[in-house]
Structures are given as structure tokens and as C-alpha cells.
Amino acid sequence: MASVKKDDRLTSSQSFACVGFAGVFSKTVTSPLEVVKIKSQVGTFHSKRGFLQSFLLVYQNEGLRGFWKGNLASCLRLFPYTAIHLTTYKKIVHLHMDELGFISQWRAILAGGLAGVAAALVTYPLEVAETRLIVQNCRQPTYMGVAHSLSKIYSSEGLAALYRGFSLTLLGAFPFSLGCYAVYTNLDRLWREPPFRFTPLQNFINGCVAAGVAQTLSYPFETVKRKMQAQSARLPHLGGVDVHFSGMTDCFIQAVRNKGVLSLWNGLAANTIKIVPYFGLLFTCFEMCKQVCLYRNGYIVSPLSYKLAPGVDQSLGPRELEEFKRNLKNRNFGSRESSFGNRW
């Protein structure tokens with residue numbers, strides 16, 4: 001999967017803030033595509049006439065505001081998800097490292113999948129709230145916001161409703177990880193050069209291709225998951241789901257029987273189109289935030305360029321650099337005092 005590259009010149013809080021801000025910005029900009037994708041997966045009436053017509057129907061029935069339904073829940077979910085994912089991933093990788101600190105590629109991808117499952121477990125109720133907010137008509141809402149949707153689902157349907165479909169996250173992690181592994185193990189053949197020579201553009205393309213392949217393979221599981229999240233006997237038209245079912249297996253059967261096998265990939269066009277702008281904005285925004293932090297830390301001369309500050313050891317961490325500058329300042333101050341005393 002495409003991900004931002006860790007920079008040891010940033011503090012942990014700075015890295016987290018940069019990733020969080022970049023994620024919120026990219027999610028917000030690409031929210032219209034996410035809304036159309038989820039409506040297509042659930043099977044609401046907006047998605048009956050195809051990809052482009054879905055945008056028009058959402059606008060006609062709910063206005064521009066309809067394209068950003070559920071975005072707040074998605075953005076709120078991003079911060080705890082990122083923190084848990086990174087922490088869990090580091091611990092799993094550390095357990096599987098050999099004596100030289102090396103870990104095989106398939107183990108690293110598996111670690112990423114397991115970390116994603118752990119993060120999803122904690123933040124899953126926010127994903128359910130996001131789905132419910134998106135499938136409802138914002139001009140005739142059942143839920144008035146993120147907090148109201150969580151409390152109403154819990155009070156009327158119980159805690160189990162906030163984790164409905166979570167098992168599909170576990171099942172979908174396997175084809176997702178397989179897709180990532182298939183792409184990353186063949187990159188040297190694709191570019192006809194070893195991975196350590198890849199340019200930033202090549203790494204960006206690699207990430208987008210891996211995301212496209214992995215998401216396509218795991219897409220049927222996400223489609224059924226979204227249907228299960230949306231369906232409720234307490235909502236108008238049972239939440240707008242295009243098939244009625246009694247559980248996960250029955251949902252697969254009913255979807256294939258009534259809508260065809262390809263219906264499990266409904267919304268894939270919106271999802272695929274979203275990949276490039278999402279990761280492009282994610283990388284660009286992260287780099288802009290990183291430049292500001294590097295300037296504040298004293299590594300570069302301006303937040304608008306990557307020109308390195310003269311005389312600064314770029315291998316030092318932020319705390320090490322700060323301590324070095326403090327010692328240098330004290331040494332210079334001491335030498336000036338000594339020089340001043342010698343004159344008298």
C-alpha cells in the first residue's frame with residue numbers, strides 16, 4: 001500500500017500530526033467519490049443508474065452537502081486508527097525480525113494486515129456510523145451527527161450493531177495482503193531495476209497499483225460489510241439495502257442470486273478513480289507539513305524549499321540537534337566570556 005515515508009528528523013508527535021492532517025485533507029477532498037462508492041455498495045436508489053448518474057441523483061436529492069455526509073466520522077476515525085496501526089505494526093515487526101534486524105517482505109505485509117485488523121477493531125463503530133450517515137437522506141435524517149448516530153444505534157440496536165460485519169474485515173484482510181504481496185514481489189520485473197533504485201514517482205505508482213489490486217481482490221468482502229452495516233429494521237426501507245438477508249453468508253447468497261456476481265464489485269469505478277487523487281493529495285499534503293516541521297526543527301532554511309541548513313548534521317534526531325545547538329551556544333558564550341576576561 002502507498003504510505004508516507006518515515007523521517008527521523010521529525011518527532012513522533014510531528015509525524016503523527018503530519019499524517020493526520022494529510023489524511024483528513026485527502027479524505028475530505030475525495031469524499032464525494034467515497035459517498036458514491038458506499039451508496040453503490042449498499043445498493044440505494046442513487047446507484048441504480050450507474051456511476052455518473054449517481055452524482056447527479058445525490059446532488060438533486062440532497063444538494064452539495066450530501067457529498068460530505070459521514071466525512072466527519074471518517075476523519076475522526078483516522079487519528080486513533082493511525083496511532084493503533086503504527087504501534088501494533090512496529091511491535092509485530094519487532095517480534096519477527098532476525099538477529100540482523102531484517103524482516104521478509106511477506107512477513108512485513110502480514111504485519112500490516114494484522115495491525116489493520118487491530119486498528120479496525122477499536123474504531124469499527126465509527127465506520128458503522130459513517131455508513132449509516134451516508135446512506136440516509138440528509139434532508140430527512142434519522143441521525144443528526146456522529147455522536148447521535150452512535151448513541152442511537154447503541155440504545156435501539158445494542159452493542160452488537162456497532163460491530164455488525166466486523167468478521168468481514170478479518171476475511172478481507174487475506175486477499176488484501178495477498179494483493180499487496182503479489183504487486184511488491186514483482187516490482188523489480190515491472191521496472192527492470194532493483195527496488196532501492198526506485199524514484200519517488202515510481203514508489204507512488206507502486207503504491208497506487210498495490211492499492212488498486214489489493215482493494216479489488218478484497219472488494220466483495222467490503223461490499224457485504226457495508227450492506228450489513230447499513231441494514232436495520234428500525235430504519236426506513238431497512239436502511240436502503242438492495243437485498244434483505246439474515247447474516248453474512250445469506251448476504252453473499254442473496255446479493256449473487258438477486259443482483260449477480262458482479263454486484264459484489266458495485267462502486268469499484270468510484271473506488272479506483274479515488275486512488276490516485278487520494279494518495280496524491282496524501283503525499284503532497286504530508287510533504288508540505290513535513291517541510292514546516294523540518295524548518296521549525298532547524299534542518300532546512302525555508303518551509304517553502306528543501307534546501308538544507310548549512311552546517312547541520314541531517315542524521316541527528318530533533319532532540320539531538322537541539323542539544324547540539326544548546327551546547328554550541330553555551331560553548332560560544334563561554335569563549336566570549338573568556339575573551340572578555342582576558343582583555344581586563
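**Exercise 1.** What is the relative accessible area of Lys290, and is Lys290 buried or exposed?

*Solution.* The model under study is predicted. In this model, Lys290 has a relative accessible area of 9%. The cut-off for a buried residue is under 20%. Lys290 is therefore buried.

**Exercise 2.** Determine which salt bridge joins Lys290 and Glu287, and describe the setting of both residues.

*Solution.* Begin with the contact: the side chains of Lys290 and Glu287 form a salt bridge, with an N to O distance of 3.5 Å. Next, place the pair in the chain: both residues belong to helix H11 (residues 268-297), where they stand 3 residues apart, about one turn of the helix. Finally, consider accessibility: Glu287 is partly exposed at 27%, whereas Lys290 is buried at 9%.

**Exercise 3.** Analyse the salt bridge between Glu34 and Lys37.

*Solution.* The closest N and O atoms of this pair are 3.4 Å apart, which meets the cut-off of within 4 Å. Glu34 and Lys37 lie in helix H2 (residues 31-42), 3 residues apart, so about one helical turn separates them. For accessibility, Glu34 has a value of 12% and counts as buried; Lys37, at 4%, also counts as buried.

**Exercise 4.** Which residue forms a salt bridge with Lys69, and are the two partners buried or exposed?

*Solution.* The partner of Lys69 is Glu62, and their side chains meet at 2.7 Å, N to O. Both Lys69 and Glu62 are buried.

**Exercise 5.** How many salt bridges does the structure hold?

*Solution.* The structure holds 14 salt bridges.

Key:
Residues numbered from 1 in each chain as written. Predicted model: local features only at pLDDT ≥ 70, side-chain atom pairs only at ≥ 80, totals over all residues. Heavy atoms only, no water. Helix = DSSP H or I, 4+ residues; strand = E, 2+ residues; numbered from the N terminus. Buried < 20%, exposed > 50% of the residue type's maximum accessible area, 1.4 Å probe, protein only.
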